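Grab a pencil and open the viewer. Let's work through a few exercises together, one step at a time.

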Amino acid sequence: MPKLSVYDIAGKETGETIELMDYVFGVEFNEAVVHQAVVMQQANERQGTHASKTRGLVSGGGKKPWKQKGTGRARAGSIRSPLWVGGGTTFGPQPRSHAKDMPRKARRLAIRCALSAKVAAGELVVVDGLNFAEPKTKNAVEMLKNFSAQEKKALIITNGENENVEKSSRNIDKVKAITNEGLNVFDILHAEKVLLAKDAVAKIEEVLA
């Protein structure tokens, strides 16, 4: 069972340690499941609005260019044929959904693998009192400096909605704040430093156990 020291937002140890559940923060990394989860997440973020015009959507071309026979030229019914310059596109992209899905147990396993990888790498820090009195960017900057993460890609995980933390960090490059309910594999793996609110640990363990 992994044990981590608890820090305050000033980056100092509180003298308290927290035991993390093996089943959530100490599992073996499953590369196949994690890869599937990342592909699913990125695919679901695609808008799928790319489109090209078929011959039926290109304007003009309602009149037959020339008579069918007697000109010596090839038969043609419309100047908007895909064979013509300015004509429609054959089998071009059309609006569609790129959404993928995977079983709920597999999704949760992928998150557990990501969290466990961060614990094993020493890149996850449990922070007590992860909150700011007011939404100011300098509050988040100062906290990141206290954890030597000001130049790193950082992920802040709060316990439920925390408007002050979210607003304080959203203008900082390479920093993202999410709630414990919005945990996802990509954000966890992408971060070089994960700051996890102490009061969110129990709820994460409850959901993922």
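Below are four exercises, each with a worked solution.

Before you start, note that this is a predicted model in which local features need pLDDT of at least 70 and side-chain atom pairs count only at pLDDT 80 or more, while totals for chains, interfaces and linings use all residues. Residues are numbered from 1 along each chain as its sequence is written, and side-chain values use heavy atoms, with hydrogens and water left out.

**Exercise 1. Work out the strand order of the sheet and find the strands at its edges.**

Step 1: Find the strands, which are DSSP runs of E with at least two residues, numbered from the N terminus, just as helices are runs of H or I with at least four. Two strands pair if DSSP finds at least two bridges between them.

Step 2: Read across the open sheet and you get β2-β1-β3-β6-β4-β5, 6 strands with mixed pairing.

Step 3: β2 (13-19) and β5 (175-179) each have a single partner strand, so they stand at the edges with one side lacking a neighbour in the sheet.

Step 4: Going from one strand to the next, the twist averages 30°. Angles run from 0 to 180 degrees between N-to-C directions, and axes are lines fitted to C-alpha atoms, for helices over the stretch in contact.

**Exercise 2. In which sense does each edge strand pair with its partner?**

Step 1: Take β5 and β4 (residues 154-158): they run parallel, with 5 bridges. Here I157 sits opposite I178 of β5.

Step 2: Now take β2 and β1 (residues 3-7), which pair antiparallel over 4 bridges. S5 faces T17 in β2.

Step 3: Look at the link: β1 and β2 make a hairpin with 5 residues between them, and G11 in the turn has a positive phi of about 85°.

**Exercise 3. Describe how α2 packs on α3.**

Step 1: The angle is about 105° and the axes lie 9 Å apart.

Step 2: Angles from 65 to 115 degrees count as roughly perpendicular, under 35 as roughly parallel, over 145 as roughly antiparallel and the rest as oblique. α2 and α3 are therefore roughly perpendicular.

Step 3: For contact (heavy atoms within 4.5 Å), α2 brings V33, V34, A37 and M40, while α3 brings A106, R107, L109, A110 and C113.

**Exercise 4. Which helices help line the largest pocket, and which gives the largest share?**

Step 1: A pocket is an open set of points on a 1 Å grid over the protein atoms alone, where a 1.4 Å probe fits, with protein on both sides within 12 Å along at least five of seven lines; lining residues have an atom within 4 Å of a point.

Step 2: α2 (31-44), α3 (104-120) and α7 (198-208) each give at least two lining residues.

Step 3: α7 takes the largest share, with 4 residues.
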